[in-house]
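Student: Please take me closely through one loop position and its surface surroundings, and then set it within the rest of the chain.

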Amino acid sequence: MNIPANLKYTKDHEWVSIDGDIATVGITDFAQKELGDIVYVEVETLDQTLSQDEVFGTVEAVKTVSDLFLPLSGEIIEFNEALEVTPEVVNADPYGKAWMIKVKISNTSEIEKLLSSDDYKKLIGA
């Protein structure tokens, strides 16, 4: 299972890459494997400001739909529009081409609440 050490994680299986006050968010390798074949990614919160743990979108797999939870409070400034055409890239490259949103972080103290890769490994039993 791929769990990059340079990322932060949530208990809801989102990963976060932080560059200054911008966070890039996607779902983990564990999450995409649990969901199965991803057929649709929906984010209707572009340009909205949401609080940590609010739903920012959904991922639809063949047999289920799963909410996506915002790891850090802030404004959603970008959506990876390539996922509208090729959502299956989430299964192939969850930490690369399948990033979902970029967020302008409004409360950097929330970063401390995110899980390290070791903590996330413990959470999923890896």
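Tutor: Val62 lies in the loop that joins β6 (55–61) to β7 (65–69), where helices (H or I, at least four residues) and strands (E, at least two) are DSSP runs numbered from the N terminus. The model is a predicted one, in which local features need pLDDT of at least 70 and side-chain atom pairs count only at pLDDT 80 or more, while totals for chains, interfaces and linings use all residues. Residues are numbered from 1 along each chain as its sequence is written, and side-chain values use heavy atoms, with hydrogens and water left out.

Val62 counts as exposed because its relative accessibility is 60%; exposed means over 50% relative accessible area, buried under 20%, and partly exposed in between, with a 1.4 Å probe and protein chains only. Together with Val39 and Tyr40, Val62 makes a nonpolar surface patch of about 280 Å². Patch residues have over 30% relative accessible area and no salt bridge, with nonpolar side chains joined within 5 Å and like charges within 9 Å; a salt bridge is a side-chain nitrogen of Lys or Arg within 4 Å of a carboxyl oxygen of Asp or Glu.

On the other side of β6, the loop between β5 (49–50) and β6 holds Asp53, which counts as partly exposed because its relative accessibility is 45%. Asp53 has a positive phi of about 75° although it is not a glycine, and His13, in the loop between β1 and β2, likewise has a positive phi, near 75°. Most residues other than glycine have a negative phi.

The loop between β1 (8–9) and β2 (14–19) also contains Thr10, which counts as buried because its relative accessibility is 9%. Apart from residues up to four places away in sequence, Thr10 touches Pro71, Leu114, Leu115, Tyr120 and Leu123, a contact being heavy atoms within 4.5 Å. The side chain of Thr10 also makes a polar contact of 2.7 Å with the side chain of Glu14.

These loops belong to a protein chain with four helices and nine strands, whose elements run β-β-β-α-β-β-β-β-β-α-α-β-α from the N terminus on. The radius of gyration of the protein chain is 13 Å, close to the 14 Å that the globule rule gives for 126 residues, so the chain is as compact as a globular protein of that length. Of those 126 residues, 44% count as buried.

Methods:
Areas by Shrake-Rupley, 256 points an atom, 1.4 Å probe, with all protein chains shown as cover. Rg over C-alpha atoms; globule rule 2.2 N^0.38 Å. Polar contact = N/O pair within 3.5 Å; in protein donor to acceptor, adjacent residues only side chain to side chain.
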